[in-house]
Amino acid sequence: MSALALLGAIWHGCWRRDCWTRASLLRLISVFALATLCSWLGIVLSRESEGVATIWLSNGLIFGLFITQPKDRWLAYFLAGLSADTLADMLYGDPFRLAIGVSLANSVEVVVSCLLLTLWFGSPLDLSKRRSLIGFLLISVVGATALTSALGAWWTLLLVPGPPWWQMFRTWYLGDMLGMAVLAPLIIMAQRPAFFSMFERKRLRHTLLVLTYSMIVTALVLMDSSDPLIFFMFPTFLLVAFLLGLPGTVVNIFLFTVMAIGFTVKGHGPLMLIAGDHMLLHRIVIAQLFAAVAIFTMFPVAALLEEKEELKRSLVASETRFRNLAHMDELTGLPNRRAFNLQLESAWTDAFTGGKQLGLVILDADHFKQYNDHVGHLGGDACLRSIAQVIAGIVGAAKGIAARIGGEEFAVILPDTTEMRTREVAEEIRLGVVDLALLHPSSSCGVQTVSLGVAVRVPLTGQNSIDLMKLADQALYSAKLSGRNQVVCG
């Protein structure tokens, strides 16, 4: 989709009444409320940490909710986010002119991220793929946040005297970057059904144990203000990535970031080793940088592990599929000769071990070459498929195994049976083929028929499955010599 087509879809779709159901309107209202709350919390955190924007949550929240919606709702979400940011700023006493300018700057981050990521990586955005994830980190976390921070710092200093532009840009940029990097992936992934699989009953205990272990290590590291133990976090991050994948890594990094900034603001943790008075800004910046490094390191690692698992599942599925194809007759869908040999050998072994009878039926389409010459190869193929359907239906009910073992030759394995029952199944097949009423000018009956040979034995020491095959083959030969369209027991 081109940029103009995307913009057209956003603009024209917004005014279509059919895209705004009651549920979508309630979601939009919820987004406005959540964005207002996140903006308010961001301002509170800034004032708690001497004006430093420790983590700005609203842009990551709005982006995560924005990009997962249909494009015809984007304009409404943009206005909801803009209004929420403006309202939160004004509630804290900022004049409207300042509040709307800062909110527009924040909106630039969300809009640029959504447009570029959709154009380059498609929709929906899949952060489990390394290419999309790295694109998100570079475009949204690094690029769009820098643009927003530059515009926001410029607009604020234009209206309110303050520190140098570069200093304001730095404090805004790190907090904004962290909020986008931590919250947006969490919001995007939480809307995927697969995200909650790690919280299903069978996996919940494992997930909670891993996350609890990580939080205990985080708390122990952050409570120690006398030793630089923060490097202990990376083995923990790797453990979570290996055990819980990308969704677990996103949750873990989010919890770590919140804890790290909270402990640092309250004066605890390894960053207290940065000596000097009035060093809170510097400590927070280092905490933000550490969290950013963890994000840029662990997210790609977790995505790579997830891709490898997906590739492994795909290979297993492909192997299963090709194994099935290798044992299936393409024309009729029945097991082929290779599968039949394996199944007969297995059934023979089971019958020998249990001392039970094993039944085998071999059948052949009568005068099939003449039928094929009369109706053509396509008609002949259709005839074989019809016979296979008759066999499969009858044998399935009898809990047997059917296969196509040659051109017009089929076989049926009936474990734990009797000669009478095997003959009954064979007779049902014969009558079922006659009932197909496939016209055959070379047949004495006028329709396509089959001849069937039956053999039933209890396997004995010194015998093998080939002996049973020979008996059934001899019975089939007798059925053909006796006029065809009949069942003969060997």
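Where is the place of Pro 124? Pro 124 sits in the loop between α5 and α6 (130–159), where helices (H or I, at least four residues) and strands (E, at least two) are DSSP runs numbered from the N terminus. The peptide bond that leads from Ser 123 to Pro 124 is cis, with omega near 0°. This is a predicted model, in which local features need pLDDT of at least 70 and side-chain atom pairs count only at pLDDT 80 or more, while totals for chains, interfaces and linings use all residues. Residues are numbered from 1 along each chain as its sequence is written, and side-chain values use heavy atoms, with hydrogens and water left out.

A second backbone feature is found at Ala 437, whose phi is near 55°, a positive value in a residue other than glycine. Ala 437 belongs to the loop between α13 (419–435) and β4 (450–457).

Turning to helix packing, α3 and helix α7 (residues 165–190) pack at an angle of about 35°, with their axes 7 Å apart; axes here are lines fitted to C-alpha atoms, for helices over the stretch in contact, and angles run from 0 to 180 degrees between N-to-C directions. The crossing of α3 past α7 is right-handed, a term used if the near helix is turned clockwise from the far one by less than a right angle, whereas an anticlockwise turn is left-handed. On the α3 side, the residues that meet α7 include Asn 59, Leu 61, Phe 63 and Leu 65, and among their counterparts in α7 are Asp 176, Met 180, Leu 183 and Ile 187, with contact meaning heavy atoms within 4.5 Å. The residues of this contact between α3 and α7 divide into nine nonpolar, four polar and one charged, where Ala, Val, Leu, Ile, Met, Phe, Trp, Tyr, Cys and Pro count as nonpolar, Asp, Glu, Lys and Arg as charged, and the others, Gly among them, as polar.

Asn 59 also lines the largest cavity, together with residues that include Ile 62, Phe 66, Phe 78, Asp 85 and Val 110. On a 1 Å grid over the protein atoms alone, a cavity is a set of points where a 1.4 Å probe fits but cannot get out, and a pocket is an open set with protein on both sides within 12 Å along at least five of seven lines, lining residues being those with an atom within 4 Å of a point. The structure holds two cavities of 30 Å³ or more, and about 60 Å³ of space lies in the largest, a volume being the space filled by probe spheres set on the points, with grid points joined across faces, edges and corners. Helices α3 (58–67), α4 (74–91) and α5 (96–121) each supply at least two residues of the lining of the largest cavity, and that lining divides into five nonpolar, five polar and one charged.

The second largest cavity holds about 40 Å³ of space, and its lining of seven nonpolar, one polar and no charged residues includes Leu 222, Ala 260, Thr 264 and Phe 290. Helix α10 gives the most to this lining, with three residues.

Helices α9 (233–265) and α10 (280–326) also give two or more residues each to the lining of the second largest pocket, which has a volume of about 520 Å³. Of the 23 residues that line this pocket, the closest to its centre are Gly 245, Leu 246, Glu 306, Glu 309 and Arg 313. Its lining divides into ten nonpolar, three polar and ten charged residues, and α10 gives the most, with eight.

The structure holds eleven aromatic pairs, in which rings of Phe, Tyr and Trp (its six-membered ring) have centres within 6.5 Å, planes under 30 degrees apart counting as stacked, over 60 as edge-to-face and the rest as tilted. The rings of Phe 234 and Phe 237 have their centres 5.6 Å apart and their planes at 80°, so this pair is edge-to-face.
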